[in-house]
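Got your viewer open and a selection box ready? Here is a short walk through one structure, stop by stop.

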Amino acid sequence: MEFTQQILLLGSALVLLSVLASPLSHRLGVPILAVFLALGMAAGSDGLGIEYHDPLSAFLIGNLALAIILFDGGLRTDTATFRVGLRPALSLATVGVVVTAGITGAAAAWILGLEPVSGLLLGAIVGSTDAAAVFGLLGARGLALKQRVGATLEIESGLNDPMAVFLTLLFLEWVRTGTDPGGVGVALQLLWQMGAGAALGLGGGWLLARLINGIDLSDGLYPLAALAGGIAIFAGANSLGGSGFLAVYLAGLAVGDRPLQAGHHIRRFNDGLAWLAQIGMFLILGLLVNPTELWAVAPQGVAVAAVLIFLARPMAVFLGLLPFRLDWREQLFLGWVGLRGAVPIVLALFPLLAGLPDAATYFNIAFFVVLVSLLIQGSTIAPVARWLRLDMPPQPQVMQRFELDIPAQYDYEFIGYRVEPDSAAAGRDPQAIGLPDHARLVAALREGRPLEPDDDSLCPGDYVYVLATPTDLNLLDRLFGPARPEETAFFGEFLLNGDARLLDVAAIYGLDIPVEDPGETLHQRLSTHFKGRQVVGDSLRVGGVRLTIHEMEGATITRVGLKF
């Protein structure tokens, strides 16, 4: 009983300390995942003295945590971004992982004096990225990425783990048996793993969403039903020889892409649980490592990490993105943000569980590579994004959002704002402030009381609540939020409609813009220039001005910023 209480006390203290340390990581610009790892190492055998040497339980905890994190990632992935991010992300998640594993594995074999196939095993272990750490760091630094880059990173992070797992198991079996598995058998096995994982994930996610929307439960039970369903899909895919990682990510995607009962509760619950999974997983992995053994392989670890960061990942991005003709800045950034996270450490447990002679070396090198990647790449992502001009003005934070479970229409929300002194709504009649077509002002409060009928204008400090859909957020932000000089500096002083004729724009602003078709619009000129792959933030210099895409509906450009 005393031992149990000590474990509970120590575990809760470590989790609380991890949460409280997050603001420090934001200030230092270091990914919070590195802080979790460091706390786990500090509490381990060379620190506080906690002895933990059970790779099997660490493997089970790691797999469960990754399933929760991937399910949450799928829930939060906006399928609208697939238009610009799916194909390059698929290429990076397949071809990119193979190239990364091959180059890193060849270098690791030479650096560590391993057999070539053993080097490839190590390359496969560290072959996948952890873009979740990238977005966490960018959000902490107040940065937002252009959609093409952000979508590619986000989708790649959810899809590249299955290929890394497949390659790890393939080379692990090769090292263990000394037998080449053969090309045809490998191809069929890969097809089955990916096909079964995709089918079970999409089909299971669809059924899970139907189940959630078809049953009447207490609000607190819907998140549990969603999570249990996601983990069941993960375990079921693994049991049938498919990719559980792919299945649970696609299940989250299928569930999150449709209206859900208690959808707000489900997303908030899974967000908190995903954070707990990351904290617990990195603390456990930090406890598992022995820092004295880790520093013994530091020179080799630095060398392998250098090859991975400066050669393998950039080459994988270059080759994987050749068919898509991304801008050189976007390719350079994607090559730099190949951040490693928990998956390589979890995959490094495979050799330990299989009892390979060099298993400890694989684990220590993989752990060191993750640490180097988090510290070097993680601390420089924000400056690199700004240097390459891939950052966007961050969206303002909405004060409050409440989703409404309205039958047959789940998209409406109550959205609350505090009227800012320099906002467009300040000083205007609350019934004539230019709300979006389908939005309605539900309440306006001043000093804790509803506005009186004779109050004919909104004042700074008033609180307003609007019934609207998520698609109205951008317009509502500009209406009630503060003036945003950084947005003006980015997009320009004037906002024009996308269907404005280029000829009229040139005449009004006195611009020398060559126009062959008198009816050509801003949308047509920009979409032709970007070959239909345009995203918000893309810009074109023409006639002495810069035209920057400000808003889009699907692939249609609706608003364009003009900057002299």
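Start by selecting Thr-100, which is buried, with a relative accessible area of 2%. Keep in mind as you zoom in that this is a predicted model. Thr-100 is found in helix H5, so colour that helix now and leave it coloured for the next few stops.

Next, show what surrounds this threonine. Leaving out residues up to four places away in sequence, Thr-100 touches Gly-105, Gly-127, Leu-308, Ala-312, Arg-313, Ala-316 and Arg-340. Keep those neighbours on screen.

**The second largest cavity**

Which residues line the second largest cavity? Select Leu-92, Gly-96, Val-97, Thr-100, Gly-127, Thr-129, Glu-156, Arg-313, Ala-316 and Arg-340, and you have the lining. H5 and helix H15 (298-320) are the elements that give two or more residues to it. The largest share, four residues, is from H5. Colour the lining by class and you get three nonpolar, four polar and three charged residues. The space inside is about 40 Å³.

**The largest cavity**

Stay with H5 and go to its start. How many cavities of 30 Å³ or more does the structure hold? There are two, and the largest has about 90 Å³ of space. For its lining, select Phe-82, Arg-83, Val-84, Gly-85, Leu-86, Arg-87, Pro-88, Arg-148, Phe-324, Leu-326 and Arg-533. Helix H5 (residues 82-112) provides the largest share here too, with seven residues. By class, this lining has six nonpolar, one polar and four charged residues.

**An open pocket**

Now move on to the second largest pocket, with a volume of about 660 Å³. To centre the view, pick Lys-146, Asp-327, Phe-530, Asp-538 and Ser-539, which lie nearest its centre among the 24 lining residues. Helix H16 (328-336), helix H21 (485-491) and strand E10 (545-553) are the elements that give two or more residues to this lining. Try the class colours again: 13 of the lining residues are charged, seven are nonpolar and four are polar.

**The nonpolar cores**

As background for this stop, nonpolar side chains tend to be buried together in soluble globular proteins. Here the largest nonpolar core has 125 residues. Select Leu-37, Ile-125, Leu-167, Met-281, Phe-333, Phe-363 and Phe-367 to see the residues with the most contacts inside this core. Helix H19 (residues 359-387) gives the core its largest share, 15 residues.

Pick out Leu-167 for a closer look. Not counting residues up to four places away in sequence, Leu-167 touches Val-97, Val-98, Ala-101 and Ala-124. You have met Val-97 already, in the lining of the second largest cavity.

A second, separate core has 18 residues. Ile-513, Leu-526, Leu-540 and Leu-547 are among them.

**Strand pairing around E7**

For the last stop, switch to cartoon and select strand E7 (residues 463-468), which runs antiparallel to strand E4 (residues 413-418), with six bridges joining the two. Where in E7 is the bridge partner of Glu-413? Select Ala-468 to find it.

Then add strand E5 (residues 440-446), which is also antiparallel to E7 and is joined to it by five bridges. To see a pair in this arrangement, select Leu-441 and, opposite it in E7, Val-466. While you have side chains showing, recall that in a regular strand they alternate between the two faces of the sheet.

Methods
Residues are numbered from 1 along each chain as its sequence is written. This is a predicted model: local features need pLDDT of at least 70, side-chain atom pairs count only at pLDDT 80 or more; totals for chains, interfaces and linings use all residues. Side-chain values use heavy atoms; hydrogens and water are left out. On a 1 Å grid over the protein atoms alone, a cavity is a set of points where a 1.4 Å probe fits but cannot get out, and a pocket is an open set with protein on both sides within 12 Å along at least five of seven lines; lining residues have an atom within 4 Å of a point. Grid points are joined across faces, edges and corners, and a volume is the space filled by probe spheres set on the points. Ala, Val, Leu, Ile, Met, Phe, Trp, Tyr, Cys and Pro count as nonpolar, Asp, Glu, Lys and Arg as charged, and the others, Gly among them, as polar. Buried means under 20% relative accessible area, exposed over 50%, partly exposed in between (1.4 Å probe, protein chains only). Contact means heavy atoms within 4.5 Å. Two strands pair if DSSP finds at least two bridges between them. A nonpolar core is a set of buried Ala, Val, Leu, Ile, Met, Phe, Trp, Tyr and Cys residues joined through side-chain atoms within 4.5 Å.
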